[in-house]
Structures are given as structure tokens and as C-alpha cells.
Amino acid sequence: MYKRTLNISQLLEKANYFLFGPRSTGKTSLITEQLENALVIDLLEDSVYEKLNRRPEALSELIESQHKIIVIDEIQKLPKLMDEIHRLIEKKKLRFLLTGSSARKIRRHGGNMLGGRAREANLFPLTFSELGKEFNLIKFLTYGGLPIIYQSDEPIEDLNA
């Protein structure tokens, strides 16, 4: 695991956030590392996705009172959930971190981008400072900075996959 420079705990002290970044940049790993006490709702879990797809208002049932930060991973899979998130921000003053690969899909499907209630942050591929002593210019230029590819023993096969 690389020490990322983006501090999402610090961001969430001030506001709700969308955390966007290409697939495999490490968004989920960063959340696991930095937000130990957050409630993480993963929309890649079929049962969770199906429940919230049928009844977006069920989101409030998943949230227990001790959770101050709620993370919804892969929010672009369920743009209609944004209205319920908006309601919970207003009514319960909850703090949300919403992750996804791009805001385009949310906007394309008419998703509520929370108009002024959430800021945007981006997690980019690894940087020189994050790689530190492991930085190899040739490797970086050849394979890129996605963590899963950069640390791979077979980066070409992983890129092709």
C-alpha cells in the first residue's frame, strides 16, 4: 500500500465530497485506510444494490445513529440514490463521501449532483512523491501509475486484462 497524499478525513471535516478517479487508482483502499469508523455502502454488492435500487429511501434504514460519515462506493451505479442523499444531508446533517470513476454517468442519467452540498476531489494515479524510492521513470512511462499495475510482476498482462 502506498501512502497517498490525498487526506479524505481532512476533507470530510469541512464538507461532503465526491471522490472521483479512474478505476484502480485506489479509492476503496484509501477509504479503508483513512476512514476506519465510517459506514461503507458498496454498490458492487448485489444485495445492497438491489435493495437501494428498489427503494432508495432504504438508505436511511442502513444508517445507524453512531455513523457520522457514510461512504457510498461506486455511486455512478445508482444515480437515483442522489435525491435520498440530498434529503439526508439536509434533514440529518450527515456527512457523505461518494466515490466513482466519473461524474459523467451521474449527470448523463439525470442524477442530482447535490448543488453546492458536496465538493469534488480526485484521486489520480500514483505520483512521484507517493512512490518515493520505488519510483522508476521507465516503468512509470511504460506502464503508468495505477497502483495495481505499477506493483504487478506482470504489468502487460494486467493492462491487457
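These legends accompany four close-up views of a predicted model.

**View 1. The largest pocket and its lining residues.**
Welcome to the pocket view. The volume of the largest pocket comes to about 190 Å³. Its lining includes Met1, Tyr2 and Arg4, along with Ser24, Thr25, Gly26 and Ser29. Leu126, Pro147, Ile148 and Gln151 also line the largest pocket. What mix of residue types does the lining offer? Five of the lining residues are nonpolar, five are polar and one is charged. Arg4 is the charged one, because Arg counts as charged while the nonpolar group takes in Met, Tyr, Leu, Pro and Ile.

**View 2. Arg55 and Glu57 joined by a salt bridge.**
Now for the charged pairs. Side chains of opposite charge can pair when their charged atoms come close. The model has five salt bridges, and the one between Arg55 and Glu57 has its closest N and O atoms 3.3 Å apart. Are these two side chains buried or exposed, or something in between? Arg55 is partly exposed, at 35% relative accessibility, and Glu57 is partly exposed too, with a relative accessible area of 39%. Take a look at Glu61 as well: Arg55, Glu57 and Glu61 belong to a network of salt bridges.

**View 3. Arg87 and Glu84 paired within helix H5.**
Here a salt bridge brings the side chains of Arg87 and Glu84 together, with 2.6 Å from N to O. Where do the two partners sit along the chain? Both are in helix H5, which covers residues 82-92. Arg87 and Glu84 are three residues apart there, so about one helical turn separates them. The accessibility of each partner is worth a glance. Glu84 has a relative accessibility of 9% and counts as buried, since buried means under 20%. Arg87, with a relative accessible area of 35%, is partly exposed.

**View 4. Arg117 and Glu90 meeting in a salt bridge.**
In this last view, the side chains of Arg117 and Glu90 form a salt bridge, at 2.5 Å from N to O. Which parts of the structure does the pair tie together? Arg117 lies in the loop between helix H6 (104-108) and strand S5 (118-122), while Glu90 belongs to helix H5. The pair therefore ties together parts that are 27 residues apart in sequence. Arg117 is partly exposed, with 29% relative accessibility, and Glu90 is partly exposed with a relative accessible area of 36%.

Definitions and conventions
Residues numbered from 1 in each chain as written. Predicted model: local features only at pLDDT ≥ 70, side-chain atom pairs only at ≥ 80, totals over all residues. Heavy atoms only, no water. 1 Å grid on protein atoms, 1.4 Å probe; cavity = no way out; pocket = protein on both sides within 12 Å on 5 of 7 lines; lining within 4 Å. Points joined across faces, edges and corners; volume = space filled by probe spheres on them. Salt bridge = Lys/Arg side-chain N within 4 Å of Asp/Glu carboxyl O. Buried < 20%, exposed > 50% of the residue type's maximum accessible area, 1.4 Å probe, protein only. Helix = DSSP H or I, 4+ residues; strand = E, 2+ residues; numbered from the N terminus.
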